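Me: I am new to this structure. Please take me through some of its labels and the rules behind them.
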Amino acid sequence: MNGHKRIYFDHAATSWPKCERVLAAITAYMHDCGAAAGRGSYQSAHRAGEIVYELRSKVAHAIEAESRQCISLHTSGTTALNAAIQGLIRPGDHVVTTAAEHNSVLRPLQFLRQRFGVEVTIVPCSDTGHIGASDVLAAVRANTRMVAMCHASNVTGAIQCVGAVGEELRDTETLLLCDAAQTFGYLPINVRKLGVDLLAIPGHKGGGGPLGTGALYVASSLHEDIVPYVQGGTGYQSESLDMPSDYPAKLEAGNLNVPGLAGWLAAMNDWSDNRLEEKFSRLRTLGKLIREQLATIEGIRVIGDEDSLPVVSLVMDDLAPIDVSTILDSDYGIETRAGIHCAALIHDALGTAGEGTLRISAGAATTEAEVEQVVAAITEIAAEVAF
């Protein structure tokens, strides 16, 4: 780090550092168990299965799902979103989504539109990245199979109106898919109160687990309807060439990433309602602090508003986001992200199409002192550019 202490501000991509118990759980699994889950009747295979069982239960409890059987496990939030979209959308269906979405939603929908003639309506967002519930609902038609929207923007941190949309769709045939990549572990989530039918979750962001982990909540009413988009071994019903018909097994072809799941389980074992409330409150405070302090710097534009997660985008006069990010890294040891952030459409509304933004995203491990350091560094860079 060129003599600088590493300061990490890319929690919207993945949280870091992972706590010691996560690292210990992964090491213990690899050293002492190492067996595949659901692939044998010996003791270590049973232990691997227990890890999967316990994690399903923890995730189900965290989002207040009907049962652990509503949770399938995946290698990322992206694979969970693909399982939901490609598992439930049929040729001729209509889908409503938004310009604030990650490419993990937009690209599968684009594929289905081009390959199978699925109709897709994209609802625009505001210049802060917010989506209006009335705009989403106005786009819903009689043949709308699904509304797919994020719980919060990964570019501006804007918290979206998922609950308001879910309430209106609750007694209709239209499904609501929520991408909780930025909010799981950072905001309280109750799938039944939100009215969502499907919720995609990464394990490695607010969940505190390692990369290569994720989950999909599917309401029990959809367990029969959803079809697998990946086929393969599941460890049982091996005599049949057909995938099992029961969920979650039908979406879990191939070996699960048990080392990663062991780490994610270790992170979630530390969750409690009281500690989570403190965490949520602190993160909102951090987000407000970052925005307020950055807003005082001449020569930059901070995008978004205070009612957001600690995910802040900015642009600087006369210096590209990638250049600001490179200077922060090389001269200050501060790690941020620059560019489009895998969100192809939101930048038209933000006025940042082309080069994108510099994104500063805090997490549970971020301190106020680190916020002060990144603000001081950007202040110095902006002053140099102005000079």
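Me: Why is Phe184 called buried?
Reply: Phe184 has 3% relative accessibility. Buried means under 20% relative accessible area, exposed over 50%, and partly exposed in between, with a 1.4 Å probe and protein chains only. Phe184 therefore counts as buried. This is a predicted model: local features need pLDDT of at least 70, side-chain atom pairs pLDDT 80 or more, while totals for chains, interfaces and linings use all residues. Residues are numbered from 1 along each chain as its sequence is written, and side-chain values use heavy atoms, without hydrogens and water.

Me: What makes Trp271 partly exposed?
Reply: Its relative accessible area is 22%. That value falls between the two cut-offs, so Trp271 is partly exposed.

Me: How do you know that Phe184 and Trp271 form an aromatic pair, and why is the pair called tilted?
Reply: Rings of Phe, Tyr and Trp (its six-membered ring) pair if their centres lie within 6.5 Å. There are four aromatic pairs by this rule. Phe184 and Trp271 are 5.2 Å apart, centre to centre, with 40° between the planes. Planes under 30 degrees apart count as stacked, over 60 as edge-to-face and the rest as tilted, so this pair is tilted. Phe184 and Trp271 are 87 residues apart along the chain. Ring pairs also bring Trp264 into a cluster with them.

Me: What makes Arg6 count as lying over the face of Trp16?
Reply: The rule asks for NZ of Lys or CZ of Arg within 6 Å of the ring centre and within 35 degrees of the ring normal. Arg6 lies at 3.8 Å from the ring centre of Trp16.

Methods: Helix = DSSP H or I, 4+ residues; strand = E, 2+ residues; numbered from the N terminus.
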